[in-house]
Structure formats: structure tokens, C-alpha cells
Amino acid sequence: MSEIIKVENLVKKYKSAESNAVDGISFKVDEGEFFSMLGPNGAGKTTTLSILNSTLNPSSGSVLINGHDIYLESTKVREKIGVIFQSPSLDTNLTAEENIRFHSVLYGYIPFALNFKSLPNKYQKRVKELSTLMGIEKDLSKPISTFSGGMKRKLEIIIGLIHNPKILFLDEPTIGLDPLTRKNLWDYLLEIKKKGDTTIFLTTHYIEEAEESDHVMIINKGKIVSFGTPEDLKNDLVEEYVVISSLNNEFLRQELLNINAKFEGDGPFKVYIEENKLQNLFQKIKTKLSLINVHNPTLEQVYLKIIGDSKHENV
């Protein structure tokens, strides 16, 4: 697959800062990929995302978006991207639909028009589709000043999706959403992923949302501390184990010792297993088991381990 985002030796240092907010990172994202960037507050996530969507200039390094330099060809970059920002970018003097229309004109998706009914059918249909998805279809003609924080967040999402962007940047997109709307948005994003027409670049505090990613990049203090598929990260960094017990744990303990199993506890036993060796373990155990609980590592466990290790290294 072709690269749609290519970052090389990216650095961003703010004036008076003692260290770089982004410190020489390099990575690439393939077209149609679902890519997640994780990291604690102050790790450099929002700074990196702002550079990629051309709203912030880097101190050094290069970034190509769909083959265009973000500094020299920012207009061409912005034509192909959609951005859902963490902070609101709405005009409170306009209605919800007027905000959508304004950004659609800036994206070049539609020509300017004074009223909704005179706009192209593709725009009207798209607005109705997305506003229904977000649950604000009855509020499009209302002024933004009457919207709650959650409603404003929903409108921001519609604006980011309205023009079917080639690359969609999502900066903590589900913060402030109710559970149902969050689920609806996530289902919609996964549908986009299946089609493969849009590249999704996500930052999130809900680490479980990154489980569906093709690749995950974890950054801390401006540096990349881990990179890979969710499964690769889990296999490399978190031990898999099974918790087992029997009516005769002393006999089971002896059996585990006889087969040289790595375990701990006096019953139930926490037995560590190598990749794809769970069946082998059970074939060797003859004792009748009363408890079997297989532990599958999560991306959150991987994240916490990596961030904990990287903090320790920087002490």
C-alpha cells in the first residue's frame, strides 16, 4: 500500500521551553489505514496532530500528506483532510447548519449559497445523514449559543466528516459524548475503516478505542516509545497466563512441577504460557480442573507498562 502520511525527524520546540515538545520522531501511515497515537498528557500528541493537519509549523523535519509538503503546500493538504479538534472551532453567531455550510465552502465541497434549500442535493443528504447519526437532526436551525457542550462536540464531528475527507484526523473525538452517540460514532468509523477509502488518524484517552487500529504508536515526552500492531505490542510486552485450580491443589501443584511449568500461587495457580502453547499445557495436565480462567492481555495493560517503563528510564 502507498504511504499517505510520511514523517521524518519531526521536531517542535516552543519558545522558552527546556525540551522539545516533539523530539525527532519518524513514522509513516499507509493509505486506508486506521492509525492510533497514544500517550499521556504532555506527551506531544496534540502538537504532532496540529503539525500534521497544517495548523502548526514544525521547528524542523519533514511531513508529507498525500504527497504534499505541509509547509509549502498547506492549501492542497487541507483540501484532502478532515479534522475533529479537541477544542471547539464554532461560530456562535451562526446556526448549526450555517456552521456546517461555512466549513463545507472552505473545504471546497460546495459553492457558497445563502440558504440550505438552494445547496446541492449531495450536501443536503450528507447533512441529514450525519446529523441523524449524531442525534441533532432537529437542532440544525438552532443558534450555537443554545447548544450544550455535548451538542457542540457532535457538530464538530459532523463538520469534520461532511466532505468525505481522504484523511480524517481525530483528536480525542468521543470526549463529551453520551454513551449512545459515542457508540454510533465508533460504529460509523469502523464502517469507514472497512471500506478502506479513508485513512483515520486517532488520538484518544479511551485506550480500548485503539484496539481496532492497524498500527499503534505510543509516545512519551515527545519521543516514540513503542510502535506496532495491537497484537504485536501485546505479544511482545505482556505475559499471557491462565489461572487454574482443582479439588486437589497439592496434587495439581506437583503435576505443574513435574512438567516444568512456570507458575505462582498455592491454588488457584497462575500459570504462565508461551505464545500458542495453551493447548499443550492442558494436554499435559491429567488432574481434573475445577477452574480455568484464561487471561488475554489488553492494549491498556501494554500502554501502562510501556509508559511506566519509559518514565522510569527518564528518571
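# Notebook: pockets, cores and charged pairs

**Entry 1, a pocket.** I began with the lining of the second largest pocket, where helix 2 (74-79), strand 6 (81-84), helix 3 and helix 5 each supply at least two residues. I keep in mind that this is a predicted model. The volume of this pocket comes to about 350 Å³. I then looked up who sits closest to the middle. The lining has 15 residues, and those closest to the pocket centre are Arg-78, Ile-81, His-103, Leu-106 and Tyr-107.

**Entry 2, the whole protein.** I stepped back for the overall picture. I counted 10 helices and 14 strands in the secondary structure. The C-alpha trace spans about 80 × 45 × 35 Å along its principal axes. The protein has 315 residues, and 47% of them are buried. I also looked at contacts with a separation of 6 or more: 66% of them join residues 24 or more positions apart.

**Entry 3, the nonpolar cores.** Which residues have the most contacts inside the largest nonpolar core? I found Ile-100, Tyr-123, Leu-155, Ile-162 and Leu-189, in a core of 36 residues. I noted which elements each give at least two residues to this core: helix 3 (96-107), helix 4, helix 5, strand 7, helix 6 and strand 8 (199-203). Helix 6 provides the largest share, with 6 residues. There is also a second, separate core, of 25 residues. Val-7, Val-77, Ile-167 and Phe-169 are among its members. A general remark for my margin: in soluble globular proteins, nonpolar side chains tend to be buried together.

I picked Tyr-123 for a closer look. I left aside its neighbours within four places in sequence. Tyr-123 is then in contact with Glu-97, Ile-100, Arg-101, Ser-104, Tyr-109, Ile-110, Phe-116 and Ile-162. Two of the core residues named above, Ile-100 and Ile-162, appear in both lists.

**Entry 4, salt bridges.** I searched the whole structure and got 13 salt bridges. Side chains of opposite charge can pair when their charged atoms come close. I went through a few of them.

The side chains of Glu-31 and Lys-166 form one, at 2.9 Å from N to O. This pair links distant parts of the chain, 135 residues apart. Glu-31 is in the loop between strand 2 (22-30) and strand 3 (34-38), while Lys-166 is in the loop between helix 5 (149-161) and strand 7 (167-171). Glu-31 counts as partly exposed because its relative accessibility is 27%. Lys-166 has 25%, so it counts as partly exposed too.

Next I checked a pair inside one helix. Glu-129 and Arg-126 both lie in helix 4 (residues 121-134), 3 residues apart, about one turn of the helix. Their side chains meet in a salt bridge of 3.3 Å, N to O. Are the two partners buried or exposed? Arg-126 is buried, at a relative accessible area of 7%. Glu-129 is partly exposed, at 40%.

Helix 6 has a pair with that spacing: Lys-194 and Glu-191 are 3 residues apart, about one turn of the helix. I read 3.6 Å, N to O, for their salt bridge. Lys-194 is exposed, with a relative accessible area of 67%. Glu-191 is partly exposed, with 41%. I also noted a network of salt bridges that links Arg-182, Glu-208 and Glu-209.

**Entry 5, two more residues of helix 6.** I looked up Thr-181, which lies in helix 6 (residues 179-195). Thr-181 has a relative accessible area of 6%, so it is buried. Which side chains make polar contacts with the side chain of Thr-181? I found the side chain of Asp-178, at 2.8 Å. The side chain of Lys-154 makes another, at 3.4 Å. Not counting residues up to four places away in sequence, Thr-181 touches Met-134 and Lys-154.

My last lookup was Lys-195, also found in helix 6. Lys-195 is exposed because its relative accessible area is 63%. I compared its place with that of Gly-32, 163 residues apart along the chain. Their C-alpha atoms are separated by 8.3 Å.

Terms used. Residues numbered from 1 in each chain as written. Predicted model: local features only at pLDDT ≥ 70, side-chain atom pairs only at ≥ 80, totals over all residues. Heavy atoms only, no water. Helix = DSSP H or I, 4+ residues; strand = E, 2+ residues; numbered from the N terminus. Buried < 20%, exposed > 50% of the residue type's maximum accessible area, 1.4 Å probe, protein only. Polar contact = N/O pair within 3.5 Å; in protein donor to acceptor, adjacent residues only side chain to side chain. Contact = heavy atoms within 4.5 Å. Core = buried A, V, L, I, M, F, W, Y, C linked by side-chain atoms within 4.5 Å. 1 Å grid on protein atoms, 1.4 Å probe; cavity = no way out; pocket = protein on both sides within 12 Å on 5 of 7 lines; lining within 4 Å. Points joined across faces, edges and corners; volume = space filled by probe spheres on them.
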